[in-house]
Number of protein chains: 2
Amino acid sequence: MTTIKDIATYTGFSVSTVSRVLNHLDNRYSKATEAKIRAAAEHLHYQKNQAASELVTRQSKTIMLVITENSTNFTARLIDGIKASLTKLDYNLLLIYAGNDMDSQIEATNLILMRPVQGVIIVSVPFAERELARIKQAQIPLVFASINYANQDILSVASDDWAIGYQATRYLLDQGHRRIGLAGVDIESYIGQERTRGYRQALLDAGLTYVDRRVFAGDYSWQAGKDAAHYFVHQEPVSAVIGASDYTAVGLLNGAVKLGLSVPTDLSILSIDGTDLSEMVQPALTVIKQDFYKMGVDSMRLLLGIIRGGGQVQSQVIPFKLIERASVSPVEGA
Amino acid sequence: MTTIKDIATYTGFSVSTVSRVLNHLDNRYSKATEAKIRAAAEHLHYQKNQAASELVTRQSKTIMLVITENSTNFTARLIDGIKASLTKLDYNLLLIYAGNDMDSQIEATNLILMRPVQGVIIVSVPFAERELARIKQAQIPLVFASINYANQDILSVASDDWAIGYQATRYLLDQGHRRIGLAGVDIESYIGQERTRGYRQALLDAGLTYVDRRVFAGDYSWQAGKDAAHYFVHQEPVSAVIGASDYTAVGLLNGAVKLGLSVPTDLSILSIDGTDLSEMVQPALTVIKQDFYKMGVDSMRLLLGIIRGGGQVQSQVIPFKLIERASVSPVEGA
């Protein structure tokens with residue numbers, strides 16, 4: 001790769017003059033000098049090195065997105081929102097992967113810290129406190145999207161997961177269901193705990209008992225839904241199940257059909273997320289639809305507010321809505 | 001942000017000594033010096049700057065992945081394969097988005113060129129010649145995954161798209177179908193052209209005529225499938241349709257059901273890709289299943305071969321297979 005030094009050797013100018021010309025740093029050189037250096041740069045196929053340039057300007061204009069593996073499928077829509085917010089702004093978007101495991105989180109944090117990055121959005125990865133502290137210490141602006149924390153110091157743009165759990169359960173109760181399962185929810189995570197708390201409260205408010213074994217824990221995946229179908233059919237009979245994600249709800253549907261049940265006649269299914277997938281299956285799923293696009297737009301807006309100062313710098317709750325389709329039926333005679 | 005210079009000022013050591021210690025460059029300093037500098041670095045919250053470090057070592061150990069927007073859904077599996085190949089290797093993986101539009105390709109190319117990157121994998125984005133030339137000129141190793149080029153100079157790891165088109169059509173012919181549609185295929189792209197050529201050849205080999213208007217062009221999306229269903233039901237009746245992607249095939253299925261058709265009794269559907277989605281719908285789709293995981297593994301292997309030298313540096317064709325499920329039925333009396 002051609003360096004500034006190569007161009008200096010080739011033209012006879014000093015490294016600092018070459019650097020000043022190629023980085024537009026000042027005007028302490030003649031038009032003729034500039035022309036010669038630029039011609040040499042072109043001749044030698046010089047590509048400006050961002051790393052070098054960033055050291056000079058201390059401005060990377062890069063936003064880093066940390067995304068998770070694909071046990072759920074709403075990330076694409078959220079990224080669409082983020083990209084839409086960046087249009088016409090001179091920012092680059094780089095993505096890195098991290099999961100629930102410490103190793104990948106440490107690696108992601110290293111990548112964030114080792115490069116000049118103007119801001120970070122973490123999408124639905126519940127980052128460990130220790131790694132968050134490292135990002136915070138480096139004073140890199142950080143926003144969480146589609147994930148909530150009990151800790152008020154952590155800025156986030158997300159749905160109210162307690163309310164999602166409550167509304168989902170409440171809707172099924174209103175259809176006359178009394179034995180309601182909750183499937184695929186990660187009870188280790190804050191989101192999973194909040195949804196479960198909402199589910200529990202709706203049952204209690206309806207004068208029913210909360211039955212611990214009707215919560216089938218999982219990782220929001222399709223497989224979790226298939227396993228849950230088996231469980232709710234053979235071990236813990238219910239008339240309706242809430243899938244903790246569209247993937248899980250589709251797994252419930254596939255599992256139930258495979259076991260000879262008809263949805264919604266034999267089993268009602270309500271899904272949380274409302275991505276395209278929930279409309280692609282038969283029957284189309286009744287959903288709690290989250291607005292992932294808006295989450296993307298608003299998390300970027302919030303991040304830019306922090307970076308530039310003066311903007312809105314408060315966590316934000318994005319409204320969701322219930323959409324009735326064909327996977328829930330009322331209980332006969334209710 | 002704390003710099004090496006700040007640490008030099010704070011400790012009284014020269015910038016070059018501080019740099020040597022923090023970058024483990026040599027051993028021309030005492031244990032005591034090292035201890036003092038490391039303590040100061042910690043005290044001042046120094047974070048090693050990758051950009052600076054890369055200028056020194058000229059080795060970024062970063063692989064850049066260029067991925068496309070989500071009109072299809074197999075990218076995740078391919079990335080799984082790439083990540084699996086990187087495990088235990090000391091490489092970072094960064095992702096950037098680009099689509100079919102020139103603007104996003106120029107932006108992506110700039111990002112690749114401006115940073116120190118050891119190699120690039122472009123996943124299913126048909127990059128413009130001009131941008132490819134810029135990457136080639138900068139001598140950055142480049143491999144295409146899940147996309148083919150007529151140009152033999154461009155290294156790729158992908159399926160044989162002509163063979164996919166041929167086999168899909170051949171299978172439907174073997175079931176007695178004579179009026180077969182092809183939906184959602186991008187006829188501007190090499191992949192789309194190859195699949196259409198294979199489709200055409202299978203028809204000709206069976207002694208049938210190729211009918212141009214039975215190819216419903218599109219962008220492999222769900223919407224393209226829904227539109228195609230409408231077209232094939234109302235304008236160009238066929239007994240079977242090949243969906244150019246799982247998204248398109250599911251769109252065909254949804255569209256057909258909405259128009260009152262039963263699949264496969266009234267219309268057979270064969271899907272290309274074979275991602276989980278093809279098993280999530282009712283009926284589960286008969287598919288040409290591509291091995292995206294292996295494409296990821298092998299494209300990374302090929303890239304590392306180029307980077308390190310001495311490895312295999314040939315384009316590679318990944319086998320696919322046909323899986324029979326429930327969306328195709330034989331023609332009565334055929």
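**Charged side chains in a predicted model**

Let me begin in chain B, where B:Arg38 and B:Glu34 both sit in helix 3 (residues 31-43), four residues apart, which is about one turn of the helix. I should say at once that what we are looking at is a predicted model. The side chains of these two residues, B:Arg38 and B:Glu34, meet in a salt bridge, with 3.3 Å from N to O. As for their surroundings, B:Arg38 is partly exposed, at a relative accessible area of 29%, and B:Glu34 is also partly exposed, at 22%.

Staying with chain B, we can turn to helix 13 (residues 292-308), which holds both B:Asp298 and B:Lys294, again four residues apart and about one turn of the helix. Here the side chains of B:Asp298 and B:Lys294 form a salt bridge at 3.0 Å, N to O. Is B:Asp298 buried or exposed? B:Asp298 counts as buried, because its relative accessibility is 4% and the cut-off for buried is under 20%, whereas B:Lys294 is partly exposed, with a relative accessible area of 32%. On the subject of shared partners, A:Arg130, A:Glu131 and A:Arg134 are joined by salt bridges into one network.

Chain A also offers a pair within a helix, namely A:Arg170 and A:Asp174, whose side chains meet in a salt bridge of 3.3 Å, N to O. Because they are four residues apart in helix 8 (residues 161-174) of chain A, these two, A:Arg170 and A:Asp174, are separated by about one helical turn. A:Arg170 is partly exposed, at 39% relative accessible area, while A:Asp174 is exposed, at 53%. Taken over all chains, the count of salt bridges comes to 24.

Now to charges of another arrangement: which residues gather in a patch of negative charge on the surface? They are A:Asp90, B:Asp101, B:Asp103 and B:Glu107. Of these, B:Asp103 has its place in helix 6 (residues 102-114) of chain B, and B:Asp103 counts as exposed because its relative accessibility is 61%, where the cut-off for exposed is over 50%.

Finally, a word on how chain A is laid out, since several of the residues I have named belong to it. Chain A is divided into domain 1 (4-57), domain 2, which takes in 62-159 + 292-319, and domain 3 (161-291). Between the centres of domain 1 and domain 3 of chain A, taken over C-alpha atoms, there are 62 Å.

Methods
Residues are numbered from 1 along each chain as its sequence is written. Chains are lettered from A and ligands numbered from 1 in the order in which they are written. This is a predicted model: local features need pLDDT of at least 70, side-chain atom pairs count only at pLDDT 80 or more; totals for chains, interfaces and linings use all residues. Side-chain values use heavy atoms; hydrogens and water are left out. Patches are made of residues with over 30% relative accessible area and no salt bridge: like charges are joined within 9 Å, nonpolar side chains (Val, Leu, Ile, Met, Phe, Trp, Tyr) within 5 Å. Accessible areas come from the Shrake-Rupley method with a 1.4 Å probe; for residues, only the protein chains shown count as cover. A salt bridge is a side-chain nitrogen of Lys or Arg within 4 Å of a carboxyl oxygen of Asp or Glu. Lys and Arg count as positive and Asp and Glu as negative; His and the chain ends are not counted. The place of a charge is taken as NZ of Lys, CZ of Arg, CG of Asp or CD of Glu. Buried means under 20% relative accessible area, exposed over 50%, partly exposed in between (1.4 Å probe, protein chains only). Domain bounds come from an automatic or database domain assignment.
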